[in-house]
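Reader: Hi! Could you walk me through this structure in plain words?

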Amino acid sequence: MKAAAESARAVSQRAITAQIARIAADYQGEGEPQPRLDYPPYRSSRLRHPKSAFVCVDPDELECWAPCFGRRDVDPLDADLTAGHSGEPIGERIIVTGRLLDATGKPVAGQLVEIWQANAAGRYNHQLDQHPAPNDPNFTGVGRCLTGPDGRYRFLTIKPGPYPWRNHQNAWRPAHIHFSVFGTAFTQRLVTQMYFPGDPLFGLDPIYQSIVDPVARQRLIATYDHDLTEPEFATGYRWDIVVAGSRRTWTEPNGDHG
Amino acid sequence: MAELACTPGQTVGPFFHCALPYAGDNQLVGDAQAGAIRLHGTVYDGAGDAVPDALIELWQRGADGRIVRQEGSLRREGETFTGWGRCATDAAGNYSFSTLAPGAPAGRPAFFAITVFARGLLNRVFTRAYLPDVDLDADRLLNALDGARRQTLICAAEKSGYRFDIHLQGRSETVFLAYRGDP
């Protein structure tokens, strides 16, 4: 395993970029809305993607429901990643907000959104992060909230920095925030990453490029919105999240009371 | 209403441990609670190596077969059973839940609904872990699979509960699911 990791590091960005370009050129635009699980430029996917096709099933009633979260689970202060420490974190304060919708446009109300991210220097508060960038004692980089009745979530945080990783030599991830969201059905579960507009690393990043459809992958990029920006305080980014269709047609018994 | 395009998934990455696991995440019930069982297993990659940076989520019916509509999974209290839990794999690729054996409506086999996330896995995958000690012949999913593939969806009974290993790839690759109608 160690030898494999070493050889991975010897692969150049040029070689990875060429591999990304070959796959992109082969893509005929058949509409692939999700990332490819088998995407060789992301080298850790090699042994971790199923090779058999998914087996298509009608969801059981259990899979048409999702776990419930509520006020007992989430403290409203958890949505402010700049708070909770003795001082202010370093970096560009940002507001990230948007709506969680299902594919029919219906808001997913009262549901859990979790985020995690690197600090402004591109370092995670994680023991395995070896990037020699400073930790920020005033920033943990973890937040949670419940969506409102209109599906809206909102976080106050710090703009994360890009960071190096060991997929290949001189590999850097575009700045991003990890998002974990639930829908009203188990089948709608989504973990993804939100990116920032205009990042120069997009074309070089195998994780972003694993969504081979160029229109689909742009759905992961937030929009700068000056109407969200608060004077003398923080810039604003808007990003809506759409999960697959809901599985139930009747009125949700507790959807409006969460 | 017009269909909106779904947001693509992305890998959970290597650093989810700072955010997603929490105290009591894999304790759907206390170990001492009546009926408590252990559901556990190991996640493997295509080389047969354990995956130490995977995250398993569990969603299930209560012991009475009902679908649970209880908040409190993130701050567990008393004996409230929420039907949902989460467990990151350890250095040896193992996960473990304390839970109840799920019930099921009459004529339908009981199963645990499972979501798998991992570094290196570009999107989450779904599967089912069926209880072995009931009649599985009525299940449409299991009936559509050949013997070896079918076996990947069935827990092994143990004294204290069930074992369910997950193979992301390889000869024993677990059957993963797509739900009809999803993109």
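Author: Happy to; we can go through the chains, the contact between them, one sheet and one residue.

Reader: Great, what kind of model is this, and how are things numbered?

Author: This is a predicted model, where local features need pLDDT of at least 70, side-chain atom pairs count only at pLDDT 80 or more, and totals for chains, interfaces and linings use all residues. Residues are numbered from 1 along each chain as its sequence is written, while chains are lettered from A and ligands numbered from 1 in the order in which they are written.

Reader: What ipTM and pTM does the predictor give the complex?

Author: The ipTM is 0.97 and the pTM is 0.95. For chain B, the average pLDDT is 95, and 99% of the residues score at least 70; pLDDT is the predictor's confidence in each residue, from 0 to 100.

Reader: How many helices and strands does chain A have?

Author: Chain A has four helices and twelve strands. Helices (H or I, at least four residues) and strands (E, at least two) are DSSP runs, numbered from the N terminus.

Reader: And what's the order of elements in chain B?

Author: Chain B has two helices and ten strands, and from the N terminus on they run β-β-β-β-β-β-α-α-β-β-β-β.

Reader: What about the overall dimensions?

Author: The C-alpha trace of chain A spans about 55 × 50 × 35 Å along its principal axes, and that of chain B about 45 × 40 × 40 Å. For the 183 residues of chain B, a compact globule would have a radius of gyration near 16 Å, and the chain's 16 Å agrees. For the 258 residues of chain A the expected value is near 18 Å, and the chain's 20 Å agrees. The radius is taken over C-alpha atoms, and the globule rule is 2.2 Å times the number of residues to the power 0.38.

Reader: What share of each chain is buried?

Author: In chain A, 44% of the 258 residues count as buried; in chain B, buried residues make up 49% of the 183. A residue is buried if 20 or more other C-beta atoms lie within 10 Å of its own, exposed if 12 or fewer, and partly exposed in between, with C-beta atoms placed from the backbone.

Reader: Switching topic: how many residues of each chain are in contact with the other chain?

Author: 67 residues of chain A are in contact with 61 residues of chain B. Two residues are in contact if their C-beta atoms, placed from the backbone, lie within 7 Å.

Reader: Which part of chain A supplies the largest share of that side?

Author: That is strand 9 of chain A, with four residues. The residues on the side of chain A that touches chain B divide into 35 nonpolar, 19 polar and 13 charged. Here Ala, Val, Leu, Ile, Met, Phe, Trp, Tyr, Cys and Pro count as nonpolar, Asp, Glu, Lys and Arg as charged, and the others, Gly among them, as polar.

Reader: Which strands pair across the two chains?

Author: Strand 1 of chain A pairs with strand 10 (residues 177–179) of chain B, in the parallel sense and over three bridges. Within that pair, Cys56(A) sits opposite Ala178(B). Two strands pair if DSSP finds at least two bridges between them.

Reader: You promised a sheet. What's its strand order?

Author: In chain A, four strands form an open sheet in the order 4-3-8-9, with antiparallel pairing. Strand 4 (142–146) and strand 9 stand at the edges with a single partner strand each, so one side of each has no neighbour in the sheet.

Reader: How is strand 8 of chain A joined to strand 9 of chain A?

Author: Six bridges join these antiparallel strands, and His178(A) stands opposite Gln193(A) in strand 9 of chain A. Strand 8 also pairs with strand 3 of chain A, in the antiparallel sense over five bridges. There, Gln117(A) has Ile177(A) as its bridge partner, and Ile115(A) has Phe179(A).

Reader: Is strand 8 of chain A buried or exposed?

Author: Six of its six residues are buried, so strand 8 of chain A is largely enclosed by the rest of the structure. His176(A), His178(A) and Ser180(A) point one way, while Ile177(A), Phe179(A) and Val181(A) point the other way.

Reader: Last one: where is Leu101(A)?

Author: Leu101(A) is in strand 2 (residues 93–102) of chain A. Leu101(A) is buried, with 21 other C-beta atoms within 10 Å. Leaving aside neighbours within four places in sequence, its contacts include Val108(A), Val242(A) and Leu4(B).
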